[in-house]
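Colleague: I'm new to this structure and I'd like a close look at its empty spaces. Could you walk me through them, and then through whatever else helps me find my way around?

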Amino acid sequence: MSKHFDTLETRSADQRAADLAVDLPQLIARAQTTAGMEKALGDIDPAAITDAAALAALPVLRKSELVAAQGRAAPFGGYAALAVHDFDHVFQSPGPIYEPGRASPDWWRLGRFLAASGVGRGDIVQNCFGYHLTPAGLMFENGARAVGAAVLPAGTGQTELQVRAAVDIGTTAYAGTPDYLKIILEKADEMGETLRLTKAVVGGGALFPSLRQFYADRGIICRQCYATADLGNIAYETDALDGMVIDEGVIVEIVRPGTGDPVPHGEVGEVVVTTLNRDYPLVRFATGDLSAIMEGESPCGRTNLRIRGWMGRADQTTKIKGMFVRPEQVAAFVSHHDEVARARVIASREGEMDVMTVRIETRASNPALYEQSVLDTLKLRGKVELVPPGTLPNDGKVIEDLRSYE
């Protein structure tokens, strides 16, 4: 069993709520010192934001807004609480979008994930995340330092040299994307070399069950995390392999796509994150990813909430009949009808024509009741199909495109 990183991981629900009641107002007050969040939060009283319910009443910050703000006020769009020169690093991710970083211990909170994966003092981590412009390499190096592990800053590519270094240095753990480790192992086989790797911490892509088993068959325990350049670590796997435990430095909400409204536990929706990072205090930052909160606690003994992991993208904007239909419009339609539980727009083709079908969960029986509302909110006429509550799939989709583009 891996060691816990600290006592925060095993707090009782009451203690976690009490700590949040202290930390959250401080975070909101800190965020209001930044031009970006001050504009979004206005004159909200930080002392009134003490729990998740109060947090849910605040506006959602979308990545498109952050990118637009950076275009007006580079590099951080007014959302950082420190001056640019007070950070240790400035990164550029595709977009382009800029993210700050600091060398202070476990700034991105990856140490918690590495500890849960059994990485610690005595390990040498072959860090195959990129170090060029983007932050992943330094994010994992920062986490490795937090757990006392040494780092080979290998970066990406040059696989033969990667194998040579792994053999000569005796690296014991791999950090990188899920699939690149397989390439290194196969190159080692080709070179007739045996590696000492027994642990792998991965991110930045899907860890498919077959690939996890491939590593297990080679004696390598592979665990994945869910992290972003903006937020750092959000959630991570543990020995239990039963969902992902939410990191102690963030508050995760799952909301209905196109809205800021939390959905019940178990329902798939968009991941919205508030980070308790005082240097870069993003409040209700919408990741654009889909997931769901799991019921109960992890068998590993960590007591925070769990999510099911990455389940797709929430930005389902689709062009139908030459017009964009967005999740926000579907949410607006639902909000106009108290008796409607959920709705789903389906794009299909009949002959050479686009067809929009709006499937509505309701106990009503007359589709004509909703035709004008569909036109008003979605700006298109479409077929209306009524289905009983609970009928639509629990996959977070509010717009589904069935058209073939091949």
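Modeller: Here is a tour of the cavities, then a pocket, then a sheet and two single residues. Keep in mind that this is a predicted model.

Let's start with the enclosed spaces. Rolling a probe the size of a water molecule over the atoms shows where empty space is left. In this structure you'll find 2 cavities of 30 Å³ or more. The largest cavity holds about 150 Å³ of space. To find it, go to Arg-256, Arg-342, Ala-343, Lys-397 and Val-398, which lie nearest its centre among the 17 residues of the lining. Two elements, α10 (327–335) and β18 (342–350), give two or more residues each to that lining. As for character, the lining of the largest cavity divides into 11 nonpolar residues, 1 polar and 5 charged. And where does the largest cavity sit relative to domain 1 and domain 2? It lies between them, because domain 1 (13–313) and domain 2 (318–401) both give residues to its lining.

Now for the second largest cavity, with about 50 Å³ of space. Its lining is made up of Trp-107, Trp-108, Arg-109, Asp-230, Leu-231, Gly-232, Thr-275, Asn-277 and Tyr-280. Sort those residues by class and you get 4 nonpolar, 3 polar and 2 charged.

Next, a pocket. The second largest pocket has about 870 Å³ of space. Its lining counts 37 residues, and if you want to centre your view, pick Arg-16, Leu-20, Val-250, Ile-251 and Asn-304, which lie nearest the middle. At least two lining residues come from each of α1 (13–31), α3 (52–55) and β11 (250–255). Of the elements, α1 has the largest share of this lining, with 6 residues. By class, the second largest pocket is lined by 18 nonpolar, 5 polar and 14 charged residues.

On to the sheet. Follow the order β5-β4-β6-β7-β8-β9-β10-β15-β14 and you've traced an open sheet of 9 strands with mixed pairing. At its edges are β5 (150–152) and β14 (293–294), each of which pairs on one side only. Strand β4 (residues 124–127) runs parallel to β5, and 3 bridges join the two. One place to look is Gln-126, whose bridge partner in β5 is Leu-152.

Staying with the sheet, strand β7 (residues 199–202) includes Val-202. Is Val-202 buried or exposed? With a relative accessibility of 0%, Val-202 counts as buried, since the cut-off for buried is under 20%. Beyond its neighbours within four places in sequence, Val-202 has contacts that include Phe-113, Phe-129, Tyr-174, Leu-207, Cys-222 and Cys-225. For a sense of scale, Val-345 is 143 residues away from Val-202 in sequence, and their C-alpha atoms are 35 Å apart in space.

Last stop: Arg-278, in the loop between β12 (269–275) and β13 (285–291). Arg-278 is partly exposed, because its relative accessible area is 43%, and that falls between the 20% and 50% cut-offs. Not counting residues up to four places away in sequence, Arg-278 touches Gln-26, Arg-30 and Ala-81. For another distance, take Ala-69: 209 residues separate it from Arg-278 along the chain, and the gap between their C-alpha atoms is 20 Å.

Conventions
Residues numbered from 1 in each chain as written. Predicted model: local features only at pLDDT ≥ 70, side-chain atom pairs only at ≥ 80, totals over all residues. Heavy atoms only, no water. Helix = DSSP H or I, 4+ residues; strand = E, 2+ residues; numbered from the N terminus. Buried < 20%, exposed > 50% of the residue type's maximum accessible area, 1.4 Å probe, protein only. Contact = heavy atoms within 4.5 Å. 1 Å grid on protein atoms, 1.4 Å probe; cavity = no way out; pocket = protein on both sides within 12 Å on 5 of 7 lines; lining within 4 Å. Points joined across faces, edges and corners; volume = space filled by probe spheres on them. Nonpolar A, V, L, I, M, F, W, Y, C, P; charged D, E, K, R; others polar. Domains from an automatic or database assignment. Pairing = 2+ DSSP bridges.
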